[in-house]
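Please take a moment with the sequence and the structure before reading on. The paragraphs that follow lead from a single residue to the cores and then to the place where the chains touch.

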Amino acid sequence: MFSIWRLEMAKVKIKDRDGGEHTLEAPNGVPLMETLRDEDMDVEGTCGGICSCGTCHVYVDAAWVDRLAAKGEDEEMMLEAIGEVVEVRPNSRLSCQIEMNDELEGLVVEVGPVA
Amino acid sequence: MSDSHANLNKGAKDLARCPFPIPMGWFFVDYSENLAKEEVRNVNVLDQEWILFRGESGKVGMTDPYCPHLGAHMGHGGKVCGDNIRCPFHHWQYDAEGWNKDIPYGKVTPPICKKQPILRALPVDERWGMIFCWYHPNGDEPKWELPSIPELEDAENYVKPHRGEWTAATAIQEIAENGVDFAHLRFLHGEKEIPHAEYSFDWPYYNVDMNHGHIVGKMFGPGLNVYKFSHEGVTATMVNYTQPVDRENSVIRMSFTHKKYEEGTKEAMIAQHLVQHMVGSADGEDSAGFEEVDFIVWNNKKYRPNPLLCDGDGPIVQYRKFFSKFYEGSGYSE
């Protein structure tokens, strides 16, 4: 409740498109996409989180795949659609659908390729 | 005052003129000849603005004006491309069913575009030289189809329909209620007697027979009525397709036709007389058509949800219950 006053953060490890590694603080309750976008990880997140642009695609580290909430139908469809222009793997996710929480402390993801 | 009459002292300040939403149904939009191929127009009906367009193949679309992308009004600067409407803002295209058909720059089409229509579109049925649309408050699919009206489909044997148009400052439910209010025909219209009427409600249809076949009518939902007036073996047909403009205004529209009779014959004169009498006073009659008398009531009345009815009144209560089913999904109840 009212956590906007003092957001709890989880540390996430990000591999950018050039292979650079970053540790970022991602606020709980906020989609990971917004942190990637706002921290200049070259993630556009154009559609704002409604699974219609596919620009926040990430590869989730194998150890974390099963610890994330399952994909919804809209995310599945968007991942399928971007599969026509970039490589989509079993560990592909849209980072707008990864809402951060304490359980995700230490999450490791790699920013997906540009469509 | 007793409990069952507690509403009677409600008056000017308590009653509403038209407390109803727009009912579901097939409604007339415009005559076919008023929409050319590749034309886009804005129309105000059913309590909102819509765009109406006709594709190159002749197919008609009626949709919400505002592009689902960034909200541009497609009736101002939109263009027909093939059978699609193209938004002026970023050239996104939509077909008559509201499906997105083109986004000219995205590398990946949003999946929702392939899954469902994204622009609200009304089902359209064009027949009898008229464009009809199906409206439902929740966008449900049509719950019935438009009927066949042989008199409008047989140009060889029936005269070219004569058309009429009148504006009434009231809701379509109030206008249609006169169709079951048999007593008003005696007093407001000045008929000699309250007509004998047999009727049945069979949602979405209402059937009525007045004076043993003299007037036989059928309502096909709120937006279409067919009435046949017969006299000495001659029948004239009135097709009424009233449009709700908004919650308090309607345009009453009608077409009148009858079989082709040779000019000057008795049959031709009876048919013309019958048509004349449907609208206004006919020569040699004392009673009035709706043109002179109904509007003064419609345009000024208020709706009494609990009317004080007496024996001799028509089936007002059954009619209202029947009609309320056309509001299903709108949240309105009697």
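**A walk through the model**

In this predicted model, the residue B:C81 is found in strand β5 of chain B, a strand that covers residues 79-81. B:C81 counts as partly exposed because it has 15 C-beta neighbours inside 10 Å, where 20 or more would make a residue buried and 12 or fewer would make it exposed. Leaving aside residues up to four places away in sequence, B:C81 touches B:R86 and B:Q93. B:E292, by contrast, lies 211 residues from B:C81 in sequence, and the C-alpha atoms of B:C81 and B:E292 are 47 Å apart in space.

From here we can turn to the nonpolar cores. The largest of them has 68 residues, and those with the most contacts inside it are B:F27, B:V29 and B:L52. The element that gives the most to this core is strand β10 of chain B, residues 130-135, which supplies 6 residues. A second core, separate from the largest one, has 24 residues, among them A:A26, A:V43, A:V58 and A:A81. Returning to B:L52, and again not counting residues up to four places away in sequence, this residue touches B:V29, B:D30, B:L35, B:R41, B:V43, B:V60 and B:M62.

Finally, there is the contact between the chains, in which 7 residues of chain B meet 10 residues of chain A. Sorted by class, the side of chain B that touches chain A is made up of 4 nonpolar, 1 polar and 2 charged residues.

Methods:
Residues are numbered from 1 along each chain as its sequence is written. Chains are lettered from A and ligands numbered from 1 in the order in which they are written. This is a predicted model: local features need pLDDT of at least 70, side-chain atom pairs count only at pLDDT 80 or more; totals for chains, interfaces and linings use all residues. A nonpolar core is a set of buried Ala, Val, Leu, Ile, Met, Phe, Trp, Tyr and Cys residues joined through C-beta atoms within 7 Å. Helices (H or I, at least four residues) and strands (E, at least two) are DSSP runs, numbered from the N terminus. Two residues are in contact if their C-beta atoms, placed from the backbone, lie within 7 Å. Ala, Val, Leu, Ile, Met, Phe, Trp, Tyr, Cys and Pro count as nonpolar, Asp, Glu, Lys and Arg as charged, and the others, Gly among them, as polar.
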